[in-house]
Every structure is written in structure tokens, then in C-alpha cells.
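The following exchange is intended for a student who is learning to read a protein structure. Please examine the structure before reading the replies.

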Amino acid sequence: MKKALVCGAGGFIASHLVTRLKREGYWVRGVDLKRPEFSATAADDFRLLDLREPGGCDSAIALEQGRFDEVYQLAADMGGMGFIHSAECEILRNNALINVNMIHAAARAGVPRYFFSSSVCIYRDMEPGEPELTEAEAYPARPDNEYGWEKLYAERVALAFGRKYGFEVRIARFQNCYGPEGTWTGGREKAPAAICRKVAEAMDGGTIDVWGDGRAIRSYTYVDDMVDGIYALTQSSLRGPANIGSPEYVSVAQLVKTVAQVAGKTIGVKYVEGPVGVQSRNFSNERIYSTGWKSRYSLRDGIARTYPWVDQQVHARRAGPGVGAGVSAAAGGGGLTP
Ligand code: NAD
């Protein structure tokens, strides 16, 4: 039985990844600062550890017998654009410590295969309609924010350790990922979850606030597709970073329209000032396609699976003790990453 360590397994994508690895027949240990918020972990073993600490990374990777076959490093201090712009120092410090200490521990433990979750935030801003960027075109580097600079640095750290210690490194640059059991409120949520929440909170015929002017272009990848891509990439022979994302690029205005259609509501939009990030995205998926992976969910299909879950959270919160019914549809969030 293969053994996998999943770092960040209390979080959104990694908790789905744990479930996927269990389906593949792995023995899985999950580690995080916190347990998954919305359902029980599928991991065989779950440890609460701080991976900024070298000792935390050593405990994560220690097994009584043998060693892990694969490490999936998805732990990070992260959130939507609002968080990325307001917590630059925390992001740079916490994520650099996690990434340097974790790969060092993996190298010392002799782990043969290491996956690192990077982001398309490592790329520069693009003009709408610009041709696709390939992975190599990340250089000369000009990420739009410090989160992206740290990811780029961590990619280089992972590749250097792989070269020196002779283990396989796989790096995915994720597009914006969404789905059930992702952060949906509190300031760290990303655009799809924030828009789902605002639409769920709004009355039919109501208006929601959205950051920016609605024209920023992104692709949004449903979490099941992302997890399939992580698994396909890790098992593949693809060295060097690979973009993983849906090829369906939409404006923020189109995202809002899709959510409103799925909710069956007529929703007006008031565009307000807020951190939007880059204007446009367009990336080649040829490398990840060479593994046989392709996204299976359109934005509409993914939102149809995500909106009911967010709507349920909104209603549960309203019904909860001490929570009034007057949750503002305009409150917080709306952050766009990557
Ligand atoms: P998430 O915030 O839900 O999960 C990250 C997890 O890391 C959290 O559970 C958090 O508690 C944990 N963590 C943070 N600091 C830690 C520490 N010191 N020790 C142990 N655990 C710690 O985020 P996610 O959306 O699931 O993202 C997973 C990975 O994918 C991250 O590396 C993120 O940067 C990357 N990524 C995500 C997206 C996206 O759209 N969600 C896009 C690009 C890249």
C-alpha cells in the first residue's frame, strides 16, 4: 500500500485530495494547524502540526516503519485578493518557512516524490485577448503580488532540492479553484465563493457589491478537476511546473451572471472599489494535457455543485444561535485570486 503525506489537509483542496488518495488505495496522513472545518477527514492519521517549525515538519514526515512514497505540499497561509494585499508579511514569512522546512524534511527522510502547489499568481498581468502564456514564460518574472513571488521562490527551492537530493518534484500552478467545503466567508474567501455567498444572502431582485468593474478575466477550476490534475501530474513523468486550470475564461460579470442563474435569482450588481489583482489571465494547459488530464466541469456545472452548498451554509448561519437574519449581501470578501 502506498503511503502519502498531505500537508494542509485541514484546508479546502488538500481535504478533497485526501479523499481522492484514499479512493486510489493509499494510506494517508494529513497534517495541518486545524482539522477540516466542514466534514471529517478521510485520512488514516491526522496530526495538528505547525509546518513553519522544522520540528513540525520532522514529526509530519516521521513513520515508525519505512517512508512516505509521496508528499503533497498544499499548506499555505492564503486567501482571496483582500487577504493577499493586507497580509503580505505574514504570507511571505509563513509560506517561505513552511516550504523551506517541509522540503528539507522530505529530502532528509528520503521521500522519492514531492508535489508542490504553486499558483498562476507567479505570472505577470496580461492584456485581455493576449495569446496564452506557457510555463516557461513565467520568466522574466513579474508577479503582481508577494504571494506570487513567494510561490515562485518556493518552486525554485523545490526544484533545487530535487536536483541535489535526487528525488522527483512535481509542481502545479493552480488557477482559481472553487467547490463545496471551500472558505466562503470571513475575509479569506475567493471570488466564486464570495459571489455565491452574496447571491445566497441577497433577495431575488436585490443588488450585491462586487469589487472592481466586472471586466477582470479569470478561469475557475472545480475542485474535483483540480484534485484529478494534482494526482495525474504527481504520477506523471512531467518535470518542471505545469499549469492546471479550466480553459473557460470568463469576466467577473459573467461569473456573477452564472451564479445568479444557478440560484434562480435576478441580481443587480454595484461595482465598488476593492483589490482585484491582475486584469487578465490566459495560460496554456498543453503540459498537463499531455498526462491525459482535461477538466470535466464547465463553470456552470461547477457552480451548480457549489452554490447549493454555500446557500446551505448561509442559511445554517442565519438559523444559528446569536446570528440575526440581517446579514448584509455587501459584506466583505469578493477577493480574486490567483
Ligand atoms: P486553504 O487555506 O483552504 O488550505 C491551506 C491549509 O494550510 C489551511 O488548512 C491552513 O490551516 C494550512 N496551514 C497554513 N499554515 C500552516 C502551518 N504553518 N502549518 C500547517 N498547516 C498550515 O487553501 P486551498 O485553497 O486549499 O489552497 C491549497 C494550496 O493551493 C495552497 O498552497 C494555495 O496557495 C494553493 N493555491 C490555491 C488556489 C485556490 O484557488 N484555492 C489557487 C492557487 C494556488
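The questions below concern the pockets, a cavity and the backbone of this predicted model.

Me: Where does the largest pocket lie with respect to domain 1 and domain 2?
Reply: The space in the largest pocket amounts to about 1,100 Å³. Residues from domain 1 (3-177 + 223-244) and also from domain 2 (182-219 + 248-281 + 297-318) contribute to its lining. The largest pocket therefore lies between the two domains.

Me: Which element gives the most to the lining of the largest pocket?
Reply: The lining of the largest pocket consists of 49 residues, and G11, F12, A76, M78 and T183 are those nearest its centre. Two or more residues come from each of α1 (12-23), α4 (88-109), β5, α5, β7 and α6. With four residues, the element that gives the most is α1.

Me: How many residues in the lining of the second largest pocket are charged?
Reply: The second largest pocket has a volume of about 150 Å³. Its lining includes E135, E155, R156, R163 and R173. By class, the lining holds four nonpolar residues and no polar ones, and the number of charged residues is five.

Me: Which element provides the largest share of the lining of the second largest pocket?
Reply: Among the residues that line the second largest pocket are E155, R156, L159 and R163. The helix α5 spans residues 146-165. The largest share, four residues, comes from α5.

Me: Which class, nonpolar or charged, is absent from the lining of the largest cavity?
Reply: The whole structure contains two cavities of 30 Å³ or more, and the largest cavity holds about 40 Å³ of space. Its lining is formed by N99, V100, I103, Y114, F116, A154, V157 and A158. Seven of these residues are nonpolar and one is polar, so that, with Asp, Glu, Lys and Arg counting as charged, the absent class is charged.

Me: Is the peptide bond from Y139 to P140 cis or trans?
Reply: Most peptide bonds are trans. P140 is found in the loop between β5 (113-119) and α5 (146-165). For the bond from Y139 to P140, omega is near -5°, and the bond is cis.

Me: Is E181 buried, partly exposed or exposed?
Reply: E181 lies in the loop between β7 (176-178) and α6 (191-201), and its phi is positive, near 70°. Most residues other than glycine have a negative phi. The relative accessibility of E181 is 24%. Because buried requires under 20% and exposed requires over 50%, E181 counts as partly exposed.

How values were computed. Residues numbered from 1 in each chain as written. Predicted model: local features only at pLDDT ≥ 70, side-chain atom pairs only at ≥ 80, totals over all residues. Heavy atoms only, no water. Buried < 20%, exposed > 50% of the residue type's maximum accessible area, 1.4 Å probe, protein only. 1 Å grid on protein atoms, 1.4 Å probe; cavity = no way out; pocket = protein on both sides within 12 Å on 5 of 7 lines; lining within 4 Å. Points joined across faces, edges and corners; volume = space filled by probe spheres on them. Domains from an automatic or database assignment.
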